[in-house]
Amino acid sequence: MRRRDREVTKVEDQLSILNDCKVCRIAVQDAQGLYIVPLNFGYSYEQGHLTLYFHSAASGRKISAIEKNGAIAFEMDCRHRLIVAETACGYGYAFGSIIGNGTASIVWDTQEKQRALSLLMKHQTGREFVFDSRSADAVTVLKMEVTAFSVKERR
């Protein structure tokens, strides 16, 4: 990371930014090239390991790319605020951001899908939801095992 002064290293501060972000952009690659798509997400952070979950339609460019190559990159940002100054060069933008990469796969296990959907809804709404197997099996759930990520913040 070039700007070490903006690096966030404390886990509780990283999770605070993660909680504030509601949209995650994932990048996959297929025969047509790179493809980026914004998605709502849920997550688990257990024993220092971050896992992101997304729901999706059962088919499409994103699903095809992940089925062929699970390598994925992601970016999310939040806490946006314009920093005003007297001169143009003094202006800036406050933010919190997380970037990283990992491996994506389709979740086939119904119980894992139910848990993933509950995590997604908890993150997006702050409310607890329970999904029955019929509801869980009606959507495709993607799981991203994050292998590396970095967090930055400009206040």
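Hi everyone, this is a short walk through one predicted protein model, from its overall layout down to a few single residues.

Two bits of housekeeping first. Since the model is predicted, local features need pLDDT of at least 70 and side-chain atom pairs count only at pLDDT 80 or more, while totals for chains, interfaces and linings use all residues. Residues are numbered from 1 along each chain as its sequence is written, and side-chain values use heavy atoms, with hydrogens and water left out.

Let's begin with the whole chain. There are four helices and seven strands; here helices (H or I, at least four residues) and strands (E, at least two) are DSSP runs, numbered from the N terminus. Going along the sequence, you meet them in the pattern α-β-β-β-β-α-β-β-α-α-β. The C-alpha trace spans about 55 × 40 × 25 Å along its principal axes. Of the 155 residues, 38% are buried, where buried means under 20% relative accessible area, exposed over 50%, and partly exposed in between, with a 1.4 Å probe and protein chains only. As for contacts (heavy atoms within 4.5 Å), take those between residues at least 6 apart in sequence: 69% of them join residues at least 24 apart.

Now the strands. Which strands does β1 pair with? Pairing here asks that DSSP finds at least two bridges between two strands. Strand β1, residues 23-30, runs antiparallel to β2, residues 33-40, over eight bridges. Those two make a hairpin with two residues between them, and Cys24 has Leu39 in β2 as its bridge partner. Strand β1 also pairs with β5, residues 71-83, again in the antiparallel sense, over three bridges. There, Arg25 is matched with Glu75.

Staying in β5, have a look at Ala71. Ala71 is partly exposed, at 44% relative accessible area. Leaving aside neighbours within four places in sequence, Ala71 is in contact with Ala27 and Gly102. Asn101 is 30 residues away from Ala71 in sequence, yet their C-alpha atoms are 7.6 Å apart.

Compare Thr140, in strand β7, residues 140-154. Is Thr140 buried or exposed? Thr140 is buried, because its relative accessible area is 11%. Not counting residues up to four places away in sequence, Thr140 touches Phe54, His55, Ser56, Ala57, Ala58, Ile63 and Ile106.

Next, the cysteines. How many disulfides does the structure hold? Zero, where a disulfide is a pair of cysteine sulfur atoms within 2.5 Å. Why does Cys78 have no bond to Cys21? The sulfur of Cys21 is the closest cysteine sulfur to that of Cys78, but the distance is 3.0 Å, so the two are too far apart for a bond. Cys78 is buried at 5% relative accessible area, whereas Cys89 is exposed at 79%.

Last stop: empty space. Rolling a probe the size of a water molecule over the atoms shows where such space is left. A cavity is a set of points, on a 1 Å grid over the protein atoms alone, where a 1.4 Å probe fits but cannot get out, and lining residues have an atom within 4 Å of a point. The structure has one cavity of 30 Å³ or more. Its lining is made of Gln14, Leu15, Leu18, Tyr45, Leu50, Ile98 and Phe149. Helix α1, residues 11-20, gives the most to that lining, with three residues.

That's the tour, thanks for listening!

Key. On a 1 Å grid over the protein atoms alone, a cavity is a set of points where a 1.4 Å probe fits but cannot get out, and a pocket is an open set with protein on both sides within 12 Å along at least five of seven lines; lining residues have an atom within 4 Å of a point. Grid points are joined across faces, edges and corners, and a volume is the space filled by probe spheres set on the points.
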